[in-house]
Amino acid sequence: MEQILFSGVSAVTMDEDVPVRPDSFVLVSDGKIVSVSDAPPPDFTGETIDGRGKVLMPGLINCHTHIPMTILRGYADDYDLQTWLTKYIFPVEAKLDGRCVRAGALLGIAEAIASGTTSFTDMYYFCDDILAAVEETGIKANISRGTSLFTEDFSFDSHEGCVDMRRLHREWHGRDFGRIRIEASIHAEYTSNPRLWAAVGEYAADNGLGMHVHLSETRKEHEGCVAKYGATPAAILDRYGVWNTRAVAAHCVWVTEPDMDLLAERGVNVSHNPVSNLKLASGIAPVPALLAKGINVALGTDSVASNNSHDLFEEIKTAALIHKGASGNPRAVSALDALRLATVNGARAQGRAGECGRIAPGLDADLILLDFDRPHLVPCHNVLSNLVYSARGSDVVLTMVRGRILYRDGAFTTIDLGKVRRELDEYVLPRLFG
Ligand SMILES: [Zn+2]
């Protein structure tokens with residue numbers, strides 16, 4: 001049984017009563033957290049990692065991304081969502097193949113692991129190639145095949161996205177003792193119609209699969225739906241059973257007060273993606289109001305094409321800041337609230353609350369270690385404040401998932417980054433951008 005002991009570390013447990021425990025000893029055995037104590041366990045013979053000057057916390061959880069789009073980083077900036085999608089993103093995506101997707105996924109996963117992410121929720125296509133990258137790198141993921149439908153003609157048995165979803169469910173769901181999960185997905189209200197919503201919603205509910213949807217991201221989308229159906233996206237999707245299972249609604253920038261009540265009632269999780277929403281000028285999601293309604297709000301980066309980073313520490317800081325500025329209330333989203341979005345709430349949104357998101361005995365050892373001896377983290381009056389307002393993804397010196405070290409001191413244990421770079425330079429970038 002492989003054992004690792006973090007000694008003398010500041011442990012950010014995310015426990016409700018004592019979220020930070022200084023000078024702690026965190027024992028990991030066989031992929032699980034065994035104990036968090038004030039003294040080293042007796043007769044310990046495994047590997048000891050010196051945690052003095054370091055902070056150990058639950059791995060971060062990214063609840064909304066499209067990881068292969070990492071290859072589009074910096075390709076089209078400073079456009080609104082519709083222009084950005086239709087003039088720049090869709091034409092390049094039309095040239096994608098599985099090989100490009102796999103390389104993009106490996107690059108995105110490398111970036112995620114190196115900046116402290118241990119689990120992510122993704123919506124895209126060529127999912128087998130994403131899943132192969134997830135499987136070999138050791139990260140956790142909830143993967144969904146985004147579906148869309150632009151015609152009245154629809155058959156659940158032959159619709160390409162639905163066929164894909166069912167096959168992925170059969171072949172991949174629960175792989176590696178649940179490290180990999182498949183979810184259902186409807187890309188968005190404005191890219192589909194009720195036939196698809198009813199069929200995918202029913203399949204997800206019947207099979208206990210999660211659901212992943214873009215919701216009320218832009219004003220145009222939100223108001224267009226009201227004009228077309230006389231109902232908001234949240235309400236019309238509800239009418240067709242889309243929220244009859246654990247669901248993640250990404251963005252929710254333009255949701256109304258009744259929408260929020262509905263999402264709360266149906267237990268829908270919201271993925272807040274503040275950097276992407278700011279960059280595409282979509283607006284600011286009403287996160288303090290969502291939290292006040294008791295809605296579980298998690299955090300996501302959205303794709304790197306609209307972010308342009310997978311560093312969740314940027315997202316945490318932005319989430320803590322923009323709601324203060326927008327509301328005039330410096331306590332609108334506190335440092336602890338912001339950290340919860342990326343840990344405890346993320347785990348809940350992924351259906352993994354009993355598995356990760358905190359440091360507690362019995363949970364998976366999905367942990368990250370940050371070097372707090374760096375100039376921008378000194379002095380440290382408050383660990384939570386430094387994590388939210390001063391830390392960066394590059395302060396992460398170790399990332400482990402289920403006790404397996406995936407990244408340590410700048411080196412990956414499961415990713416050959418040089419090989420990924422060569423694949424990008426020799427195949428992917430020439431194919432997509434000529
Ligand atoms: Zn998205």
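Select strands β2 and β3 (residues 32-37) to begin: in this predicted model the two run antiparallel and are joined by five bridges. Zoom in on the connection between them, where two residues separate the strands of this hairpin and D30, in the turn, has a positive phi of about 55°. Then pick L27 and look across to β3, where S35 is its bridge partner.

Keep L27 selected and turn to the other neighbour of β2. Strand β1, residues 3-12, pairs with β2, residues 20-29, in the antiparallel sense, and seven bridges hold that pairing. Which residue of β2 is the bridge partner of L5? The partner is L27, the residue that is also bridged to S35 in β3.

**The parallel sheet**

Next, select strands β6 to β13, which form an open sheet of eight strands in the order β6-β7-β8-β9-β10-β11-β12-β13, with parallel pairing. Colour β6 (60-65) and β13 (297-299) separately, since these are the edge strands, each of which pairs on one side only. If you look along the sheet from strand to strand, neighbours are turned by 25° against each other on average, when direction is ignored. At the β6 edge, four bridges join β6 to strand β7 (residues 117-124), and the two run parallel. To find the register here, select I61 and look for S119 of β7, which stands opposite I61.

**Helix α2 and its two partners**

Now select helix α2 (residues 98-114) together with helix α3 (residues 127-137), whose axes lie 8 Å apart and pack at an angle of about 40°. The crossing of α2 past α3 is right-handed. To display the contact, show G98, V101, R102, A105, L106 and I109 on α2, and D129, I130, A132, A133 and T137 on α3. Sorted by class, this contact of α2 with α3 holds seven nonpolar, two polar and two charged residues.

Leave α2 on screen, hide α3 and add helix α16 (residues 417-433): the axes of α2 and α16 come within 9 Å and cross at roughly 135°. With that angle, α2 is oblique to α16. Is this crossing left-handed or right-handed? The crossing of α2 and α16 is left-handed. On the α2 side the contact is made by R99, C100, A103, L106, L107 and A110, and on the α16 side by L417, V420, E423, L424, Y427, V428, R431 and L432. By class, the contact of α2 with α16 has eleven nonpolar and three charged residues, with no polar ones. L106 is worth labelling, as this residue of α2 takes part in the contact with α16 and also in the contact with α3.

**Helices α12 and α13**

Move on to helix α12 (residues 312-327) and helix α13 (residues 335-342), which pack at an angle of about 140° with their axes 9 Å apart. That angle makes α12 oblique to α13, and the crossing of the two is right-handed. Show L312, I316, A319 and A320 from α12 against A335, A338, L339, L341 and A342 from α13 to see the contact. This contact of α12 with α13 has nine nonpolar residues, and no polar or charged ones.

**The whole chain**

Finally, zoom out to the whole protein chain, whose secondary structure comes to 16 helices and 17 strands. Its radius of gyration is 21 Å, close to the 22 Å that the globule rule gives for 434 residues, so the chain is as compact as a globular protein of that length. Taken along the principal axes, the C-alpha atoms of the chain fill a box of roughly 65 × 50 × 40 Å.

Definitions and conventions. Residues are numbered from 1 along each chain as its sequence is written. This is a predicted model: local features need pLDDT of at least 70, side-chain atom pairs count only at pLDDT 80 or more; totals for chains, interfaces and linings use all residues. Two strands pair if DSSP finds at least two bridges between them. Axes are lines fitted to C-alpha atoms, for helices over the stretch in contact, and angles run from 0 to 180 degrees between N-to-C directions. Angles under 35 degrees count as roughly parallel, over 145 as roughly antiparallel, 65 to 115 as roughly perpendicular and the rest as oblique. A crossing is left-handed if the near helix is turned anticlockwise from the far one by less than a right angle, and right-handed if clockwise. Two residues are in contact if their C-beta atoms, placed from the backbone, lie within 7 Å. Ala, Val, Leu, Ile, Met, Phe, Trp, Tyr, Cys and Pro count as nonpolar, Asp, Glu, Lys and Arg as charged, and the others, Gly among them, as polar. The radius of gyration is taken over C-alpha atoms; the globule rule is 2.2 Å times the number of residues to the power 0.38.
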